[in-house]
Amino acid sequence: MVDVTDRARQLRGKGWDKPLVFVLCLLPLAAVVYGAVLGGLGPDPVKALIVMTGDWAIRALLVVFSVSALRSWLGWSRLLRFRRMLGLFAGFYASLHLLVVATYLFAWDWTIVLEELSERPYIIAGFAAWLLLLPMVVTSNNYSIRRLGRRWRQLHRLIYPVMGLAWLHVVWQVRSSYLEALIYGLLIVVLALPRLRRFQFTR
Amino acid sequence: MLIKKPDDIASSEITPEAVYLRRREFMQGAAAMAAMAVAPMAFSAPSPLSHTPVDARAGNPFYTGETQTPFSDASRYNNFYEFGTDKSDPAKYASALTVDPWSIDVEGEVDKPGKYALEDILKSVDIEERVYRLRCVEAWSMVIPWLGFPLSDLIRQWQPTSKAKYIQFETLYRPSEMRGQRSAFSTIDWPYIEGLRMDEAMHPLTLMSVGMYGRELPNQNGAPIRLVVPWKYGFKSVKSIVKIRFTERQPKTSWQGIAPREYGFYANVNPKVDHPRWSQRYERRLPSSLLSPNRIRTQMFNGYEEQVAGLYKGMNLRRYY
Ligand code: HEM
């Protein structure tokens, strides 16, 4: 109230658009809660919940990841306003996914957790993706941006290994169809193209 | 060492004769138990298939007394990739399949090869009910009342030659009715192939099923005729069978082709041998819920150890997974 910065004014500028995106980002959670509470997840709700939260985690990551590509192709810089929120939601859905897995597959049994984390490459990749998301989640605030300066941008390049690891996590689960893994892989590569080119120029 | 390749097992050990004998002993025991049955089972739905009810006494391997999975779940939660990769796809799309007329081609090392119409096959056997545990390799399980007859009844009619050491099964290939077979991204090279060693095929627990829950098999469960091998992971229990081939060499199964390190020929349920990507020590008995996930320990040979362990005596089950 006292100190209205430019940024805050800009945020307030459109009034309704951020709340709208926020509500849209909550819809998957609503679907998850609806399915979990009222049923409709079928005879194996555990599996359904894991797949559902995992799917939304990778979709949310793809959405955040697409922001800068859309900016460089279409000049949609306004999307930048939502990037922090989208990123936090990606972190949220990934954490929810991990929570479901830890509760229902691992039953919070540390011997199982250790075994899974030491033996199964797809679990290691998923866990590594989640770990690398954490520092980005923690620094997604104005204070950290100011505090870290240049290093903030460098830190948030972690999104590249996160996308790669998340993709490996899905590919290593393929049983009967390559379709999903193929779509995710193509999207990640295409969305990374503009930035790969930029890396070339800066070097 | 105890490690013995299946090829090293003397062929006398797996001749049908030896198995007939073992089977007779087994059957006599089971018959004695059946004689003690208190009352015949009552079925809620009138059955289109006549069958002999079996004893519900605890300890009868043919008839587990565990809570049965509801029909609605067993018929709507299926892995039948011919109709799509989602568990709900088979129930949605399998109605496109025509199962009448149906016949099975019998080929290979057998004295009576030929094309056998399903009606004729059914006339030659007695249908009975069996309640088996079904353990999927994906760590979930169900309890299902099947209607069917021992595969050995058919094998004996067809008279395999002494060279027949294995049986190969083939699922229908009909992309026009099986939409999953039209997918360009499938990892499976159709048609779906499975196989058993001759002694496994002759085992009294090994069932050819034509119905479940007192009615005919729904298409999505493998109509009109499928295999049920309760001590092996579900993918061995091949559905909608159109071809049976008796062979001297071990057949190459579909899943062995896709991921040989993950799915072996034997695929016996074994809590001590993990799938490379997940643990097999526990299973979710369906229906499961979030409040009570129904997570139970997986049993050796899916609880049929007493009946089938002898088939694998001396084999390293870690190697022959
Ligand atoms: C950025 C982080 C992550 C993303 C984007 C992600 C994404 C996914 C996706 C999309 C699936 C569904 C695959 C399918 O369609 O079947 C999935 C499944 C799964 N994920 Fe993750 N995941 C992440 C982290 C984790 C972590 C940290 C763990 C555990 C430590 C984990 C364990 C699993 C398991 C166990 C499954 C299901 C396996 C099954 O089908 O039974 N994931 N994940």
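A salt bridge is a side-chain nitrogen of Lys or Arg within 4 Å of a carboxyl oxygen of Asp or Glu. The exercises below concern a predicted model.

**Exercise 1. Determine whether Asp274(B) and Arg120(A) satisfy the salt-bridge criterion, and place the pair within the contact of the two chains.**

Solution.
1. The closest N and O atoms of Asp274(B) and Arg120(A) are 3.0 Å apart.
2. The cut-off is 4 Å, and the pair accordingly forms a salt bridge.
3. Between chain B and chain A the count is three salt bridges, and nine residue pairs are in polar contact.
4. On the side of chain B that touches chain A, helix 7 (254-258) and strand 11 (282-285) each supply at least two residues.

**Exercise 2. Describe the extent of the interface between chain B and chain A, and state which residues of chain B lose the most area.**

Solution.
1. In terms of contacts, 29 residues of chain B meet 26 residues of chain A.
2. Together the two chains bury about 2500 Å², with 53% of this on carbon and sulfur atoms.
3. Within chain B, the greatest losses of area to chain A belong to Phe185(B), Arg277(B) and Leu290(B), which together account for 32% of what that side buries.

**Exercise 3. Locate the nonpolar surface patch of chain A and classify Leu193(A) by its accessibility.**

Solution.
1. The patch consists of Trp73(A), Leu74(A), Trp76(A), Val189(A), Val190(A), Leu193(A) and Leu196(A), with about 680 Å² of accessible area together.
2. Helix 3 (45-74) and helix 10 (179-202) of chain A each contribute at least two of its residues; helix 10 gives the most, with four.
3. Leu193(A) lies in helix 10.
4. Its relative accessible area is 41%. Because partly exposed covers values between 20% and 50%, Leu193(A) is partly exposed.

**Exercise 4. Identify the unusual backbone geometry in chain B at Pro224(B), Pro287(B), Asn294(B) and Asn302(B).**

Solution.
1. As a reference, most residues other than glycine have a negative phi, and most peptide bonds are trans.
2. Ala223(B) and Pro224(B) are joined by a cis peptide bond, with omega about -5 degrees; Pro224(B) is in the loop between strand 8 (215-216) and strand 9 (226-228).
3. Leu286(B) and Pro287(B) are also joined by a cis peptide bond, with omega about 0 degrees. Pro287(B) is in the loop between strand 11 and strand 12 (295-297).
4. Asn294(B) lies in the loop between strand 11 and strand 12 and has a positive phi near 60 degrees. Its relative accessibility of 34% makes Asn294(B) partly exposed.
5. Asn302(B) has a positive phi of about 55 degrees and is found in the loop between strand 12 and helix 8 (305-308). With a relative accessible area of 2%, Asn302(B) is buried.

Definitions and conventions
Residues are numbered from 1 along each chain as its sequence is written. Chains are lettered from A and ligands numbered from 1 in the order in which they are written. This is a predicted model: local features need pLDDT of at least 70, side-chain atom pairs count only at pLDDT 80 or more; totals for chains, interfaces and linings use all residues. Side-chain values use heavy atoms; hydrogens and water are left out. Patches are made of residues with over 30% relative accessible area and no salt bridge: like charges are joined within 9 Å, nonpolar side chains (Val, Leu, Ile, Met, Phe, Trp, Tyr) within 5 Å. Accessible areas come from the Shrake-Rupley method with a 1.4 Å probe; for residues, only the protein chains shown count as cover. Buried means under 20% relative accessible area, exposed over 50%, partly exposed in between (1.4 Å probe, protein chains only). Contact means heavy atoms within 4.5 Å. Buried area is the accessible area (1.4 Å probe) that two parts lose on being put together, summed over both. A polar contact is a pair of N or O atoms within 3.5 Å; within protein, one must be able to donate a hydrogen and the other to accept it, and residues adjacent in sequence count only if both atoms are side-chain atoms.
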